[in-house]
Amino acid sequence: MGPLTTALVVFTLTGIGCGAILAIAARVFAVEEDPRLAEICAILPNGNCGGCGWAGCGEYAKAILFDKAELNLCTVGGTETAQKLAKYMGVTVEVAEKKAAIVLCRGNAGNAPRRFLYNGVADCAAANAVDGGDKICRYGCLGYGSCARACPVNAISMDGNLAMVHPELCISCGKCVKTCPRKLIKLVPESRHLHVFCSSLDKGPIVKKACKVGCIACTLCTKLAPDSAIAMNGALAVVDYAKPITKEAETLVQKCPGHCIQQA
Amino acid sequence: MTDTPASAVPAKEPLVVVSSSPHAHSGASIRRIMLDVILALTPAMVAACWFFRWNAVRLTVACVISCVVAEFVARKSMKRDATVRDLSAVVTGILLAFNLPPALPTWMAVVGSVFAIVVAKQLFGGIGYNPFNPALMGRVLLLVSFPVHMTTWSTWNIPSPAAGVDAVTTATPLGLLKTTLDSTGSIPFAFDGATAWQFLLGARNGCIGEVSGLALLIGGIYLLTRRCIYWQVPVMFIATVGVFATVLQLVDPAHNVSPCFHILSGGVMLGAWFMATDMVTSPVTKSGMAIFGIGCGILTVLIRKWGGYPEGVSFAILIMNSITPLINKATRPRVFGHAIEARK
Amino acid sequence: MTQILKPVRKALGGIHPAYHKELARDSAVRELTVPKSLRVSMAQHLGAPAKANVKKGDAVLRGQKIGDAAGFISSPVHAPTSGKVADVAEDITAAGTRAQAVVIEPDGQDQWSPSLPPAMKWEEADSAALITRVAESGIAGMGGAGFPTHVKLSPPKGKTIDTLIINGAECEPFLTADFRLMVEQAGRVWTGCRIIRKILNARTLRVAIEDNKPEAIAAMEKAMGNTEGDTAIVVLPTSYPQGAEKQQIFAITGREVPSGGLPMDVSAVVENVGTAAAICDAVVHGYPLVERVTTVTGKPVVQPGNIRARLGTSFADLVAACGGTRGVVAKVIAGGPMMGLAQFGMEVCTTKTTSGLLLVPPSDVSVFESSPCISCGRCVDACPMRLMPCDLSQMLEAEDYLGAEAMNVLDCIECGCCAYCCPAHRPLVQHMRSGKSRAMLRRKQQQAEKKA
């Protein structure tokens with residue numbers, strides 16, 4: 001037998017042998033798993049984003065089967081997935097409207113000046129801890145991109161030191177909400193576009209020094225919006241997303257002297 | 001939360017810098033360390049030019065330029081910040097050149113340099129992330145890819161040839177030792193005081209930077225005084241080579257050369273003072289460094305004695321590089337205030 | 001003759017930075033006249049901030065209590081001068097946080113309150129009475145930590161203290177306030193030492209001074225005279241952080257404070273010389289803590305020196321008292337360069353723990369870079385707690401908080417030795433702080449869950 005033939009024979013036999021061993025091992029050492037887990041995983045989107053609160057779709061499936069987890073927690077799959085799961089598990093489920101994240105601040109480099117030059121770790125929580133953060137406004141976006149890095153689908157971009165969520169990409173997993181040390185990011189219903197882009201609780205004169213587009217608590221919007229859809233929380237106007245604002249939207253944007261009410 | 005007080009609004013420009021403590025620094029920098037290493041390599045560079053003339057210059061310049069250009073291009077195409085300023089590519093270039101035989105074609109040196117920087121360093125993430133010494137990776141790539149060229153030696157200016165080694169030679173002392181031992185079973189030359197002195201000065205064949213033990217020793221001591229390296233790695237490396245070789249020679253004097261020969265031939269001096277002491281790939285703790293040096297020494301002599309290659313320093317160091325993380329973990333100091341048993 | 005001893009153990013790790021103490025060490029303490037406005041913070045100590053017990057418009061006298069201690073680990077705050085309360089409002093602190101502050105408009109009379117506690121004959125008083133006096137006087141650790149002193153001097157049952165160490169090391173570069181205190185008022189310090197010793201009933205008393213302060217050693221020696229019992233001055237080799245509590249106890253007694261523990265766990269207590277002097281004032285004269293010496297120094301300061309100023313004096317006033325600045329000021333640091341807090345302006349006011357005010361010119365600002373770690377090992381050599389800052393910072397960069405906690409990041413004393421010698425200029429202490437705060441948060445959450 002020539003060397004080539006020997007090699008061919010040896011490798012073929014080795015391959016068959018290894019394959020046989022693997023096949024036997026797959027039978028003998030098979031792990032017993034509830035077949036329903038695989039079926040539930042097939043319904044879930046399998047992106048493993050962690051938005052449901054568990055470490056991946058497999059864990060959420062286990063939680064559904066064994067821990068009585070809520071069926072509407074997959075924000076990526078949304079209504080469709082929740083209903084399919086409900087059908088599979090034989091229960092009904094309440095489905096809420098899809099949400100998207102929004103950064104309630106428009107204090108970019110041009111609008112909100114810094115009060116010192118920060119030198120250190122480019123992380124928002126770390127920057128916030130160094131002498132209270134380098135912006136004059138102590139409620140505004142620091143712009144070091146921690147939320148953008150936390151987002152599993154890259155839905156947040158940093159634009160002139162201001163975080164901006166692209167709602168069409170957002171899977172509303174909530175990671176950015178948890179990451180922001182100033183709690184600027186909120187999850188709001190997807191259909192709502194009018195927002196007060198400011199989170200500063202400071203009084204008007206201070207806000208004027210801190211940012212060009214901050215809420216100065218003139219309370220005009222609370223009067224213009226229908227049915228108390230916008231109310232004051234101290235010195236900050238806050239939208240109540242349960243109440244609709246449709247025909248007044250344009251007026252609100254135009255009349256806001258701080259230019260912080262905008263349509264997203 | 002209530003009002004932001006007026007005192008929180010700064011009164012005027014220019015803005016001050018605010019950072020976390022500490023607000024003082026020793027002035028050390030990677031660039032300064034590299035400059036010290038380059039300075040420490042200058043005696044060896046002079047010796048290389050003395051013994052190998054144009055080849056030394058050609059190879060060093062080719063390696064340094066290729067390394068620097070490779071790093072610049074690699075960082076740019078990976079869209080990362082330029083790091084050429086920290087001079088680590090220059091040091092890699094010089095060290096790689098020092099590990100090459102004088103007659104190596106320039107294009108091969110360039111290939112080795114590009115591999116060392118791009119594959120062994122930048123693909124892992126750049127300085128600080130490479131697990132293996134880049135210069136040695138370049139040398140080993142060349143050794144494995146171009147074995148004939150990497151083991152062809154020519155000499156230019158060896159003043160008085162060492163006993164038994166030819167003037168226009170094709171072998172290094174170690175190479176000659178291996179082939180003669182394998183074929184005839186005896187040592188081809190006597191190694192006496194005079195020969196040892198010549199080896200120390202560099203009057204022997206070998207890679208352009210490794211021949212002059214004295215020049216390398218001067219450089220090494222300079223690095224010690226500048227605290228760029230610590231004594232544990234080089235001293236334990238050389239001492240282990242010496243001890244192991246002594247033991248071998250005592251057991252079987254007919255087939256084993258003296259420890260002095262082992263230390264002064266091949267790449268032990270270059271390896272111990274400049275290659276094994278590479279910070280990124282060697283352990284961080286003092287006891288870890290000692291273990292590293294001892295390991296390198298043992299492996300070097302093992303490979304020389306029983307391995308297929310006549311010279312083992314490169315492989316010894318690379319193998320020890322691979323277990324540096326383990327050594328770091330095993331030699332963690334006992335934290336102040338923790339009981340000795342509690343250390344994990 | 002006072003005994004002078006050497007330390008029993010060599011301190012682990014540490015660095016030898018350029019000290020620059022010559023800028024201020026030879027200038028005697030200057031008293032700063034009461035400025036036009038004082039903003040006295042309620043958060044001048046560790047633990048719960050005090051609660052202001054005055055309101056806008058109230059008249060106050062010097063030494064009058066204007067903030068009540070809020071809990072056991074808290075300290076009262078007293079008015080530094082007589083005048084009117086202009087406001088009680090939120091103010092910024094040196095750490096960048098917010099705290100309530102009482103703004104006082106001095107009336108120029110500087111009248112002491114008549115209801116100050118009387119002078120005590122401390123040799124005859126018992127520990128409890130002395131501790132109460134210390135607590136009432138609002139004394140907190142003046143070395144920089146600000147731990148309420150009466151708490152430190154009341155160890156729980158079962159913990160006896162046999163060693164009292166008075167910390168005159170002042171290991172931070174640039175700072176000379178403690179040095180001048182020892183040189184000029186060694187008697188006050190020595191009386192304070194004896195009072196504390198009586199409170200604790202400590203057998204051994206050591207006054208720790210670094211060897212770069214020979215005048216202070218001589219002054220303390222003279223003041224201490226013929227001492228009784230196991231009393232001595234320990235001359236420590238100059239290094240940073242020789243003044244850190246755990247390191248000092250180790251050098252002087254050879255004992256290691258256990259991880260997560262306190263000095264009382266090894267039967268020791270450490271108090272700063274400034275705290276000792278304040279205790280002397282409180283016990284012997286009845287004066288509460290209303291002022292302190294701050295070293296105002298740095299190249300941009302025209303006349304660097306040691307200023308005794310009332311608590312609540314703004315940094316701007318301190319610098320003005322030193323002739324103002326020349327050239328550009330790039331950094332303003334409350335404290336020393338190694339552990340001080342950088343400020344964004346001069347509006348912050350002094351507190352019980354403001355040991356120094358350091359101004360830095362642009363040429364001396366050290367910049368942190370986000371370079372990778374090159375495993376040089378210098379930080380491992382320098383760390384006085386024998387941690388591995390290189391590994392810890394890499395873990396924390398990768399947000400492996402559990403791994404960092406397992407590698408004992410909570411033992412870090414944030415001294416800054418690692419970042420000082422890092423050739424890659426990594427912000428190591430900032431990493432450690434984030435690791436420590438995450439670890440503490442996780443432990444708190446775990447405890448809360450256990451209770452639930």
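**Exercise 1. Confidence in the chains.** State the mean pLDDT of chain B and the share of its residues that reach 70 or more, and then locate the stretch of chain B where the pLDDT is below 50.

*Solution.* Begin with the chain as a whole: in this predicted model, chain B has a mean pLDDT of 88, and 90% of its residues reach 70 or more. Next, turn to residues 164–168 of chain B, where the pLDDT is below 50, although this stretch still has seven contacts in the model beyond near neighbours in sequence. For chain C, the mean pLDDT is 94, with 100% of the residues reaching 70 or more. Within chain C, the element with the lowest mean pLDDT, 92, is strand S1 (residues 3–5), while the highest, 97, belongs to helix H12 (residues 417–421). Finally, the scores for the model are ipTM 0.91 and pTM 0.89.

**Exercise 2. The second largest pocket.** Give the volume of the second largest pocket, and work out which residues lie closest to its centre and which element gives the largest share of its lining.

*Solution.* The volume comes to about 1,100 Å³. The lining consists of 35 residues, and those closest to the centre are B:Arg227, B:Tyr230, C:Gly14, C:Arg378 and C:Asp381. Passing from residues to elements, two or more lining residues come from each of H1 and helix H12 (286–306) of chain B, and from each of helix H9 (378–382) and H12 of chain C. The largest share, four residues, is that of H9(C).

**Exercise 3. The largest cavity.** Find how many cavities of 30 Å³ or more are counted, and describe the lining of the largest cavity.

*Solution.* The count is 13 cavities of 30 Å³ or more, and the largest cavity has a volume of about 350 Å³. Around this largest cavity stand 23 lining residues, with B:Met34, B:Val91, B:Leu95, B:Asp278 and B:Met279 nearest its centre. Chain B supplies the elements that give two or more residues to this lining, namely H1, helix H2 (88–98), helix H4 (134–145) and helix H11 (268–275). Of the lining, H2(B) contributes the largest share, four residues.

**Exercise 4. A nonpolar patch.** Identify the residues of the nonpolar surface patch that includes B:Ile65, and place B:Ile65 in its element.

*Solution.* The patch on the surface is formed by B:Trp54, B:Val57, B:Val61, B:Ile65, B:Val69, B:Phe72 and B:Val73, which together have about 660 Å² of accessible area. B:Ile65 is placed in helix H1 (residues 30–77) of chain B.

**Exercise 5. Backbone features.** Determine the geometry of the peptide bonds that lead into B:Pro22 and C:Pro241, and then examine the phi of A:Asn154.

*Solution.* The bond from B:Ser21 to B:Pro22 is cis, with omega near -5 degrees, and B:Pro22 sits in the loop between strand S1 (17–19) and H1 of chain B. The bond from C:Tyr240 to C:Pro241 is likewise cis, with omega near 5 degrees; here C:Pro241 belongs to the loop between strand S12 (230–236) and helix H6 (245–253) of chain C. Lastly, A:Asn154 is not a glycine, yet its phi is positive, about 55 degrees, and A:Asn154 is found in the loop between helix H6 (146–150) and strand S3 (156–158) of chain A.

Technical notes
Residues numbered from 1 in each chain as written. Chains lettered and ligands numbered in written order. Predicted model: local features only at pLDDT ≥ 70, side-chain atom pairs only at ≥ 80, totals over all residues. Heavy atoms only, no water. Patch = residues over 30% accessible without salt bridge, like charges linked within 9 Å, V, L, I, M, F, W, Y side chains within 5 Å. Areas by Shrake-Rupley, 256 points an atom, 1.4 Å probe, with all protein chains shown as cover. Salt bridge = Lys/Arg side-chain N within 4 Å of Asp/Glu carboxyl O. pLDDT = per-residue confidence, 0-100. Contact = heavy atoms within 4.5 Å. 1 Å grid on protein atoms, 1.4 Å probe; cavity = no way out; pocket = protein on both sides within 12 Å on 5 of 7 lines; lining within 4 Å. Points joined across faces, edges and corners; volume = space filled by probe spheres on them.
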